[in-house]
Amino acid sequence: MGNYIKLFEEFIDIINWNTLKKSTFKMNIDYNIAQNHLKALIYFHLAKLDSLRDIHSFMESNSGLKSLIKGISLGSLSHYNNNINYEILIPIMNELINTALKSITIDEKLKKFGAIKLIDSSTISMAITYFKWAKFRSTKAGIKLHTKFDLAKGVPEQIIVSNAKIHDKTKLDELMTEKNAIYIYDKAYIDYKKFDKLDSNEKQFITRLKDNAIASEVQSLDVTYSETQLLDKETQIIYDKIVYLGNDCNKTKQKYRIVKVITSEYKELIFLTNNFTLSSEEIAWLYKKRWEIELFFKWIKQNLKIKRFIGHSLNAVMMQIITAIITFIMLKLVKDHSNSAYGLLKIRRLIKYSITELVNKDIFSWALWLGG
């Protein structure tokens with residue numbers, strides 16, 4: 001039996017529980033209660049349960065689970081969700097993110113570019129009847145996840161939660177914290193005044209130029225291509241230019257570069273950057289990779305539980321969001337350290353359905369990585 005494991009037991013051991021011990025000690029919170037609640041919420045995400053009652057029923061009905069997650073009353077479950085300060089989970093989330101950034105294998109195509117950070121936000125709508133604290137219109141409530149995503153590692157590096165009414169570009173300074181990185185973001189973040197500031201702070205960016213933008217051409221550059229083809233053959237690069245942005249009253253001090261392409265769907269796109277070293281094709285291709293952060297938002301909304309909340313307080317909502325991110329990062333670590341070709345969804349389902357069953361750990365090299 002020594003070669004057999006319980007997948008969920010191995011999975012939750014990815015967490016450094018000493019980090020939670022320190023966090024609960026600092027905030028005078030019972031460690032055992034916090035640990036048990038975190039395990040319950042992780043399984044809540046993996047199993048895609050719908051409510052606190054579902055969590056409670058599962059705890060009570062599954063005898064094989066009780067050695068891992070202690071059953072508690074429905075009232076206690078609700079109380080803990082609303083009153084265990086969600087901030088105790090932030091050190092765990094950050095530690096897992098740092099582990100992922102250090103250990104996950106880099107996409108080979110991206111190695112030459114160095115650090116590439118994608119910036120975007122995603123709105124989660126909520127019923128105003130239950131979430132009045134998140135009101136952003138007369139009849140609507142919601143929150144927004146402002147996210148910095150590491151493209152090469154495929155993981156979120158930083159997430160800022162705000163009311164849905166907060167404009168994306170107000171969070172740009174908080175997300176663009178590093179030098180020696182290329183930041184990629186869409187038109188929602190465009191601010192001419194910020195471009196010069198970013199440039200002077202040695203922060204590179206690639207974004208889309210707005211349709212009504214005014215650009216004064218300084219120089220026309222030769223269209224250049226990558227050594228290895230990156231864009232599909234149907235995409236045409238029309239021009240590569242150096243420009244000033246804005247009109248005479250509001251013109252940028254620095255020069256910028258714009259690259260225009262026509263896609264295979266005959267859509268015209270103009271990319272704007274302060275990077276003058278990458279080829280025209282590389283600029284266009286890197287912006288196209290911005291889609292990876294959209295796929296991340298889509299995946300966690302479809303496969304974890306962050307579209308419908310099981311508690312109505314801010315604390316309960318933050319608990320659910322943070323544990324969703326923790327679960328996602330843990331799944332990414334499992335995927336990267338496994339020799340199998342299983343994707344995130346397959347791994348999630350395997351853990352869900354094998355929570356109390358013994359399975360051969362040789363199938364999952366990540367269990368050996370954990371020392372299981």
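**Exercise 1. Salt bridges**

Find how many salt bridges the structure holds, then work through the pairs E108 with K111 and K194 with D173.

*Solution.* Step one is the total: this structure holds 19 salt bridges, a salt bridge being a side-chain nitrogen of Lys or Arg within 4 Å of a carboxyl oxygen of Asp or Glu. Before going on, note that this is a predicted model, where local features need pLDDT of at least 70, side-chain atom pairs count only at pLDDT 80 or more, and totals for chains, interfaces and linings use all residues. Residues are numbered from 1 along each chain as its sequence is written, and side-chain values use heavy atoms, with hydrogens and water left out.

Step two takes E108 and K111, whose closest N and O atoms are 3.0 Å apart. E108 is exposed at 56% relative accessibility, while K111 is partly exposed at 47%. (Buried means under 20% relative accessible area, exposed over 50%, partly exposed in between, with a 1.4 Å probe and protein chains only; the areas come from the Shrake-Rupley method, and for residues only the protein chains shown count as cover.)

Step three turns to K194 and D173, with 4.0 Å between the closest N and O atoms. K194 sits in helix α8 (residues 192–200) and D173 in helix α7 (residues 172–175), so this salt bridge ties together parts that are 21 residues apart in sequence. (Helices are DSSP runs of H or I with at least four residues, strands are runs of E with at least two, and both are numbered from the N terminus.) K194 is buried, at 17% relative accessible area, whereas D173 is partly exposed, at 40%.

Step four adds K289 and E292, a salt bridge whose closest N and O atoms are 3.9 Å apart. Here E292 is partly exposed, with a relative accessible area of 31%. Finally, salt bridges with shared partners link K117, K148, D150, E157 and E178 into one network.

**Exercise 2. Aromatic pairs**

Describe the geometry and the place in the chain of the pair F113 and W285, then do likewise for F271 and Y287.

*Solution.* A pair of aromatic rings is described by the distance of the centres and the angle of the planes. The structure holds 14 aromatic pairs. (Rings of Phe, Tyr and Trp, the last by its six-membered ring, pair if their centres lie within 6.5 Å; planes under 30 degrees apart count as stacked, over 60 as edge-to-face and the rest as tilted.)

F113 and W285 make a tilted pair, 5.9 Å centre to centre and with 35 degrees between the planes. F113 belongs to the loop between α6 (90–103) and β2 (115–126) and W285 to helix α9 (residues 280–288), so the pair ties together parts that are 172 residues apart in sequence. Now check burial: F113 is buried at 9% relative accessible area, and W285 is buried at 7%.

F271 and Y287 are also tilted, with 5.0 Å from centre to centre and 40 degrees between the planes. Since F271 lies in strand β11 (residues 268–273) and Y287 in helix α9, this pair ties together parts that are 16 residues apart in sequence. F271 and Y287 are both buried.

To finish, look for a cluster: F149, F296, F297, W299 and F328 form one.

**Exercise 3. A charged patch and two backbone angles**

Which residues gather in the patch of positive charge on the surface, and what is the phi of K48 and of N28?

*Solution.* The patch consists of K48, K307, K346 and R349. (Patch residues have over 30% relative accessible area and no salt bridge, and like charges are joined within 9 Å; Lys and Arg count as positive, with the charge placed at NZ of Lys and CZ of Arg.) R349 lies in helix α12 (residues 344–353) and is partly exposed, at 42%.

K48 is in the loop between α3 and α4 (52–61) and is partly exposed at 32% relative accessibility. Its phi is positive, about 55 degrees, although K48 is not a glycine.

N28 has a positive phi of about 55 degrees too, and is not a glycine either. N28 lies in the loop between α2 (17–26) and α3 (31–47), where it is exposed at 74% relative accessibility.

Terms used. Patch = residues over 30% accessible without salt bridge, like charges linked within 9 Å, V, L, I, M, F, W, Y side chains within 5 Å. Areas by Shrake-Rupley, 256 points an atom, 1.4 Å probe, with all protein chains shown as cover.
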